[in-house]
Amino acid sequence: MKEIALIIHEEATLSTVTGAMDMLIHTNRLFELSGKPLPFKLIIASEKSNDHILPTGSLASHHTFAEIGRPDLIIVPAFYGDRDLMPKKHNGIINWIKTMHQNGAEVASLCSGIYFLAEAGLLSGRSCTAHWNDMEDIVRRYPEVNFLSDMVITDQEAIYTSGGAFSSLNLILYLIDKFCGREVGIWASKMFSLDMDRISQSHFVVFKGQRQHKDDEILKAQTYIEQNHHLQINIDEIADHTNMSKRNFIRRFKKATHNTPFEYLQRVKIEAAKKALEKGAQNINLLMYDAGYNDIKTFREVFKKITGLTPQDYRRKYNRDVPMLN
């Protein structure tokens, strides 16, 4: 039996807590009905006794950190609130996670729960993921981590992280499959209607431009790109617009935005194409020219690289006007 401590606190996103509970409890029930030993002992863990806000009963017990020895796995839920204030407010949770991991516990984060792992120093030099909307902030705060914004799940050296919002349940499915075996994993996939093969969340990403920096000349360059992406502009032209040498411009741009100017230009172009497809654009060639591309093969390759989908598949997924087959 694997002892799992699911952390709860007053700012925790309850859907990530209760979703994980449901999946683990129902997996236990499968084993119980089969007459087999239960795979999981589920503990709702909190720093203080009055932090407990969920019903448990016989399916899961509640204990404070001081009452728990060393669980096999700690699951850190997503949270609501300021990314600056929450980790500071819950420093006791972060210290407990760090101590338990040093004592051999595995640790998993759901969505924004990654901040607790990063503050505990568990992600230095490791790959991780979270909600795509947190990418820029996480990369800025924790430059030592390898943030993979397109991934739904990462698993590295007993540290697990998950993508945003309800995609975090894919990590729970992954853990059930890993700890209980493939047959049970397939059962859980069907029971909870979760795709076992879903590895990317890149098509959910809305590119907003990395503007959380104070380099005015680079901000000027970003605005120029966003206003002229549909034209055949190049890096030399953009550098000239900022009165910088090309080499210095590329260096400063990457330092400020964590993208090269070329990568940034590509992402702006593809974001424009995505919006056109969402509105029902039918002619891919015209859409390609409007986004600033003149080669359909290149456009499709870049679109799929950034979103994980072809333009046609993206349109089918997000355009409500596309007729559905009965």
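User: Over what distance do the end C-alpha atoms of helix 8 (residues 216-228) lie apart?

Analyst: Helix 8, where helices (H or I, at least four residues) and strands (E, at least two) are DSSP runs numbered from the N terminus, has 13 residues. The expected span is 1.5 Å times one less than the number of residues, which gives 18 Å for helix 8. The model agrees with that expectation, since the end C-alpha atoms are apart by 18 Å.

User: What pLDDT do local features need in this predicted model?

Analyst: Residues are numbered from 1 along each chain as its sequence is written, and side-chain values use heavy atoms, with hydrogens and water left out. In this predicted model, totals for chains, interfaces and linings use all residues, side-chain atom pairs count only at pLDDT 80 or more (pLDDT being the predictor's confidence in each residue, from 0 to 100), and local features need a pLDDT of at least 70.

User: Which helices do the buried residues of helix 8 pack against?

Analyst: Buried means under 20% relative accessible area, exposed over 50%, and partly exposed in between, with a 1.4 Å probe and protein chains only. In helix 8 the buried residues are Ile 218, Leu 219, Ala 221, Gln 222, Tyr 224, Ile 225 and Asn 228. Judged by contacts, that is, heavy atoms within 4.5 Å, these residues pack against helix 9 (235-241), helix 10 (246-257) and helix 11.

User: Within what arc do the buried residues of helix 13 fall?

Analyst: Phe 299, Val 302, Phe 303 and Thr 307 are the buried residues of helix 13. The arc is taken from the directions between the helix axis and the C-beta atoms, and viewed down that axis the buried residues line one face of helix 13, because they fall within 110°.

User: Which residues are exposed on the other side of helix 13?

Analyst: The cover over the buried residues of helix 13 includes helix 11 (261-278), helix 12 (284-290) and helix 14 (311-318). On the other side of helix 13, the exposed residues are Lys 297 and Lys 305.

User: Which residue in strand 5 stands opposite Ile 74?

Analyst: Strand 4 (residues 73-76) points Leu 73 and Ile 75 one way and Ile 74 and Val 76 the other, and all are buried. Two strands count as paired if DSSP finds at least two bridges between them; strand 4 pairs in the parallel sense with strand 1 (residues 2-7) over 3 bridges, and 4 bridges join strand 4 to strand 5 (residues 106-109), again in parallel. Opposite Ile 74, in strand 5, stands Val 107.

User: What kind of ring pair do Phe 65 and Trp 96 form?

Analyst: Across the whole structure there are 11 aromatic pairs, counted when the rings of Phe, Tyr or Trp (its six-membered ring) have centres within 6.5 Å, with planes under 30 degrees apart called stacked, over 60 edge-to-face and the rest tilted. For Phe 65 and Trp 96 the centres are 4.1 Å apart and the planes are at 5°, so the pair is stacked.

User: Which element of the protein chain has the highest mean pLDDT?

Analyst: The protein chain averages a pLDDT of 87, and 91% of the residues score at least 70. Among the elements, helix 14 has the lowest mean, 83, whereas the highest, 98, belongs to strand 4.
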